[in-house]
Amino acid sequence: MSTHDHGAPADHHHAHDHAHGSGQDRDHDHAVPCCGPTCASPVATTLTPPSAGGLLLRIPAMDCPTEEGQIRRALERFTEIRGLRFDLGARTLSIDAPPASWEPVAAAIRALGFETETLSAPPAAEDTAKARRGEWARLLAALLVALGAETVHFSAPDALAWKLAGMALAGAAIALSGLAVLRKGLSSLLRGQLNINALMSVAVLGAFVIGQWPEAAMVMALYSLAELIEARSVERARKAITGLLALSPPRVEVRQADGSWASVAAGIVAVGALARVKPGERFALDGRVTAGQGAVDQSPVTGESIPVDKLPGDEVFAGTINQSGALEFEVTRPAGDTTLARIIHAVEQAQGQRAPTQRFVDRFAAVYTPAVFALALAVAVGTPLLMGWPWPTAVYKALVLLVIACPCALVISTPVTVVSGLAAAARRGILIKGGVHLEEARRLSVMALDKTGTLTEGRPRLVAHAALSQARPEAEVMQVAKSLASRSDHPVSQAVAAGLGGQALAVQDFGAQMGRGVHGTVAGRRYFLGNHRWVHERGLCSAELESRLQEHEAAGLMLSLLADEDGVLALFAVADTVKASSRQAVAELKALGIRTIMLTGDNPSTAKAIASQVGIDDVRAHLLPQDKLDVIADLGTTRRVGMVGDGVNDSPSLAAAAVGFSMGGAGTDTAKEAADVLIMNDDLRKVPETIRLSRRTHAVLWQNIAIALGIKAVFFALAVFGSATMWMAVFADMGASLLVVFNGLRLLRAPAAR
């Protein structure tokens, strides 16, 4: 926060709201080719019970992003819909809309060919687990039946009865494993859409028709089984975040009206209740310590590896571990709105934002799939006519091409990698609000940093003060200064208020001047408490005062001046300390090839003193919020500029930067709303760590794209000029899919390399 923004009124307080979420239901289109009958979307959000007036639908055929995208597009015309929440695993959709629109909305979904069922509550976890077990059993049975068809084909006598028996077994295997694929594929073909379901449907039915029924059955069974394995693997990325909820115990000890303690469900504890946690236990709720002291492991929320000492007045968070000493705390948030819950919600929302590489892959797949279909058709029809190939051979090769060309690996390669990157960041105390910001961070070449609260602790203390006028009693002047300072939330004003004794007086007509200071009427007289610039602008600076101010500023002190309409009454010098991590963070940014620049509203002398301590070479001082914005805009014309800040006056710059970083602890709500990345423990070293993670994620993204396309290119050549079979095709496709999934999941296992 700018050291000269004394003008933030008290209602713009430094809220310690660590878990920022936009609060908006971003409705992004996930219309990408489906990865098969059991595709669990890595970008699906966890379903929460619909709000009052919401509609909850079960859509049995909705199991991948293709169907989600179709439904989203169909519902775009309903302007009264406030939000959509998809749970592809449970095949449910929660629609936040008024009751009058429920039937038209459901009718629009049914018009797409989806059956719908209205639910009163989300499916229970046990029901979902039971359905999954049933799915595994069904697919394993299909695989056994397909093996039976293969056995009949290779071992049974060449008689019509045995052929019919083998075909019946193959048909049963296809029905068990791929009926949903066939139904959706044929439906897509009838609508003129070519997606993965359509490719597999044509390939399997075509193989069956030309007499390759054992392979058709085995391909469908293996395809569906491999898709189920892949879908379960993808869920690991999402569970890396949602699993954090399990860190919060379901019950908590709460003080009762008679003074006794009782264990109650955390979900029913009201804000303001007094709770207790013993050594070794986890906090079930967010709160503020009221009694006791101890060390708390906050790594699940902030990524800090070292326990943090907690004293009365300090904040504690759900999911963190009390390592020593019993602590009593006042509950500050309900169970559904804890910092941990809001982190999870924010990351799930971020998963819905499609990263640039993901959008590129989706556009590529939209062209690639029809092109492959056309190529297969050309092989099936053109090679017999132009090259004299036998028709059965040509058709078989064309069907093999369709299976190889299935873009599943390509489509799944990007979202699983992006989600893994987002989850890895969140587990290390970095909350990134979308894949687009995760990818954009690698492109930054300039990082602008605010001073107070970002490079410095933002908790300055009053080190000197003096009355400058003999016309008023010093005690009266100091009391007026305390009265005005106590109404502002700016760190300098707070330091002045804390450093002055006595009681604050009532202030009328209190107001703030952004980047300058505060003003108000005390005992019928108008006063101003602000920075050097404001006093100078008001024409109240004498040569003697200027000399005195410059002396303090050269020592790196921040100044506040109390004045009335006639002149300056008192001077207050405040010192801030540089964060221990700031110098290392700046050094790491420079090592990454990123130029650093300080943007501050403070005077040049103080700014340069701080910059020299942390290693920043370029300093821009005496900046108002608009000035900071202008600097970001100017730098942004030729470079990608990031911004790190924590105050209300940093918000425009955070929003304008290519990537805005805000301190999650000391930052104001406005700054956290404007930023793209939140640093949960206010450690500036998390900024270069985010950039390293961004670069690593980008590398994995392109590794996956190369793997997916490279394997397909090899088998394409084998299919056309060699002897690739449908067995080889399905193993190539599923092998590539599993490879890119596991490669993307590597981001969860290791921190970003330095």
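Angles between helix axes under 35 degrees count as roughly parallel, those over 145 as roughly antiparallel, those from 65 to 115 as roughly perpendicular and the rest as oblique. The structure considered here is a predicted model, in which local features need pLDDT of at least 70 and side-chain atom pairs count only at pLDDT 80 or more, while totals for chains, interfaces and linings use all residues. Residues are numbered from 1 along each chain as its sequence is written, and side-chain values use heavy atoms, with hydrogens and water left out.

Helix α10 (residues 391–405) and helix α22 (residues 686–721) pack at an angle of about 175°, their axes being 9 Å apart; α10 and α22 are therefore roughly antiparallel to each other. On the α10 side, the contact (heavy atoms within 4.5 Å) is made by Lys-397, Val-400, Leu-401, Ile-404 and Ala-405, and on the α22 side by Lys-712, Phe-715, Phe-716, Ala-719 and Val-720. Sorted by class, this contact of α10 with α22 has eight nonpolar, no polar and two charged residues.

Val-400 appears again in the largest nonpolar core, which has 54 residues and in which Tyr-223, Val-400 and Met-726 touch the most other members. Such a core is a set of buried Ala, Val, Leu, Ile, Met, Phe, Trp, Tyr and Cys residues joined through side-chain atoms within 4.5 Å, where buried means under 20% relative accessible area, exposed over 50% and partly exposed in between, for a 1.4 Å probe and protein chains only. Among the helices that each supply at least two residues of this core are α3 (125–155), α10, α22 and α23 (726–745), and α6 gives the most, with 11 residues. A second, separate core of 33 residues includes Leu-438, Val-586, Val-687 and Leu-701.

A search of the whole structure finds two aromatic pairs, a pair being rings of Phe, Tyr and Trp (its six-membered ring) with centres within 6.5 Å, stacked if the planes are under 30 degrees apart, edge-to-face if over 60 and tilted otherwise. The rings of Phe-283 and Phe-329 have centres 5.3 Å apart and planes at 65°, so this pair is edge-to-face. Phe-283 and Phe-329 are both buried. Phe-528 and Trp-534 also form an edge-to-face pair, with 5.6 Å from centre to centre and 90° between the planes; Phe-528 counts as buried at 7% relative accessibility, and Trp-534 is buried with a relative accessible area of 7%.

Pro-250, by contrast, counts as exposed at 65% relative accessibility. Leaving aside neighbours within four places in sequence, Pro-250 is in contact with Val-264, Ala-265 and Ala-266.

Definitions and conventions: Axes fitted to C-alpha atoms, helices over the stretch in contact; angles between N-to-C directions. Helix = DSSP H or I, 4+ residues; strand = E, 2+ residues; numbered from the N terminus. Nonpolar A, V, L, I, M, F, W, Y, C, P; charged D, E, K, R; others polar.
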